[in-house]
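Here is a friendly walk through one structure, starting with its charged side chains and moving on to its ligand and its surface. Keep the model open beside the text as you read.

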Amino acid sequence: MDFKLNEMQLDIANLAKDFAEKKLAPTVKDRDENEVFDRAIVDEMGKLGLLGIPYEEENGGVGADFLSLAVACEEVAKIDPSIALSFEVHTMLCSWPIWKFGTPEQKKKYLVPLAQGTSLGAFGLTEPNAGTDALNGSTTAVKDGDYYVLNGAKVFNTNGGEAEVTVVFAATDKSKGAKGMSAFIVEKGTPGFTYGKKEVKMGIRASVQRELVFQDVRVPAANMLGKEGEGFKIAMMTLDGGRVGVGAQALGIAEGAYNEAVKYAKERVQFGKPIATKQAIAFMLADMKLKIETARWAVYQAAWKMSQPDVKSYSMDAAIAKKYASDVAMQVTTDAVQVFGGYGFTREYPVERYMRDAKITQIYEGTNQVQQMIISGAILR
Ligand code: CAA
């Protein structure tokens, strides 16, 4: 058992850290306040190789692994959780299923530019009436010669409206239940594929979530991912990886807020001494650290498992990492606001933003109650 990150993983973590501190930190507050998703930032991450971390060089990537991706996502989230989300959805929810299930032609056409960062990816599963009950969507795909015709709508789509490539799930035969959903690669600009409402949110305001609308969208049959009827399995397997990414994002959020709290507690003087010298604050910091370090190992272990060829399933590990790290992020960011006292509640300091950003990690890519369903399902199977 080796708990050390290897040289490649450390190099990638340092690259992401340097980028986050130099490029993201100076503008993160403005982008949150103005609710701006800055595409140029993600493009720059592409040029650095950050958008293709776990994929092989022939697929446009840098040939590292999923633990490298997790540590990069963590570093970005320490500074800017919104960009970490865009990064995670692109790499885990869009590129991953193409990497795992794509044909050589699909990989060449879509995965290579995604991994090189010359195109941006999204993942369309959730619908207004099909969130947790992901199988119950009403988007349909009907075969018509060499095409499938898609009709329906998806909501809460991260990178929506920006992404050149979206992996979309639609029912090809509703009567077949979990075997009646299929996955498609849909290009931006395909006639009939438009964008609806842009969400106005509590947190992750510097990322974009839009409604996707499909009206008689003709998608080439060659763009089906996997076989007809494999879509639900593909969605679930993709979300297993996505949840590792959300765990890494949540870990970074907790660390970002904790770092601010430690700094402030050492500087803020009350009763003639820095508040960090008061046991009430010191013990809060100790508990924050304890939670972060335990979350780290849940996330790193799940990310490590993702790269092991002999590991058949990491669903439960991913669910544990996502649930635990996101709960830790919520607790730690709330405590960070408490350490700052009244100032923590103002927008002058970043801890309120971390707290707002943390909340969604308990919700998206499967609520934490879904993670409990997955964990208990694995125990009781
Ligand atoms: N890997 C492989 N196969 C899987 C699987 C996995 N992880 N999970 C389920 N399956 C298979 C099952 O084995 C089963 O196959 P069989 O029929 O052959 O037995 C089939 O899929 C159906 O499984 P379930 O009966 O468990 O399905 P269910 O309808 O009861 O749903 C669920 C289970 C866990 C609740 C699932 O619907 C789920 O994860 N829901 C949450 C969806 C979600 O995370 N949405 C987030 C979307 S992205 C987002 O958040 C937006 C963003 O931009 C960030």
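Searching the whole structure, which is a predicted model, turns up 23 salt bridges. Three of these pairs are set out below, each with its N to O distance.

| Salt bridge | N to O distance |
|---|---|
| E199 and K197 | 3.4 Å |
| E255 and R296 | 2.9 Å |
| K305 and D317 | 3.1 Å |

Let us take the pairs in turn. In the salt bridge between E199 and K197, the two partners differ in how much of them can be reached from outside. E199 has a relative accessible area of 15% and is buried, because the cut-off for that class is under 20%. K197 has a relative accessible area of 52%, so this lysine is exposed, the class that begins over 50%.

The side chains of E255 and R296 also meet in a salt bridge, at 2.9 Å from N to O. This pair links distant parts of the chain: E255 sits in helix α7 and R296 in helix α8, which covers residues 279-306, and the two are 41 residues apart. Both E255 and R296 are buried. They also take part in something wider, a network of salt bridges that links E74, E255, K289, E293 and R296.

The third pair joins K305 to D317, with 3.1 Å from N to O. Since K305 belongs to helix α8 and D317 to helix α9, the pair ties together parts that are twelve residues apart in sequence. As for D317 itself, its relative accessible area is 11%, so it counts as buried, under the 20% limit.

Now for the ligand. Which residues come closest to it? They are T132, T158, K179, E365 and G366, out of 22 residues that surround the ligand. Sorted by character, the residues of this shell comprise eleven nonpolar, six polar and five charged.

Several elements contribute to the shell. At least two residues come from each of β3 (147-158), α7 (231-267) and α11 (368-380). The largest share belongs to α7, with seven residues. Helix α7 is also where E255 of the salt bridge to R296 is found.

The polar atoms of the ligand have some partners worth a look in the viewer. A ligand oxygen lies 2.7 Å from an N or O atom in the side chain of K179. On the nitrogen side, one ligand nitrogen is 2.8 Å from a polar backbone atom of T132. In addition, a nitrogen atom of the ligand is 3.2 Å from an N or O atom in the side chain of S315. Taken alone, the ligand exposes 1100 Å², and the protein buries 67% of that.

Finally, turn to the surface. Here M316, I320, Y324, I379 and L380 form a nonpolar patch, and their accessible area together is about 490 Å². The elements that give two or more residues to this patch are α9 (315-340) and α11. Helix α9 gives the most, with three residues.

How does a single member of the patch look up close? M316 lies in helix α9. Its relative accessibility is 33%, so M316 counts as partly exposed, a class that lies between the 20% and 50% limits. Helix α9 thus appears twice in this tour: D317 lies in it and pairs with K305 of helix α8, and the nonpolar patch takes three residues from it.

Methods
Residues numbered from 1 in each chain as written. Predicted model: local features only at pLDDT ≥ 70, side-chain atom pairs only at ≥ 80, totals over all residues. Heavy atoms only, no water. Near = heavy atom within 4 Å. Polar contact = N/O pair within 3.5 Å; in protein donor to acceptor, adjacent residues only side chain to side chain. Areas by Shrake-Rupley, 256 points an atom, 1.4 Å probe, with all protein chains shown as cover. Helix = DSSP H or I, 4+ residues; strand = E, 2+ residues; numbered from the N terminus. Nonpolar A, V, L, I, M, F, W, Y, C, P; charged D, E, K, R; others polar. Patch = residues over 30% accessible without salt bridge, like charges linked within 9 Å, V, L, I, M, F, W, Y side chains within 5 Å. Salt bridge = Lys/Arg side-chain N within 4 Å of Asp/Glu carboxyl O. Buried < 20%, exposed > 50% of the residue type's maximum accessible area, 1.4 Å probe, protein only.
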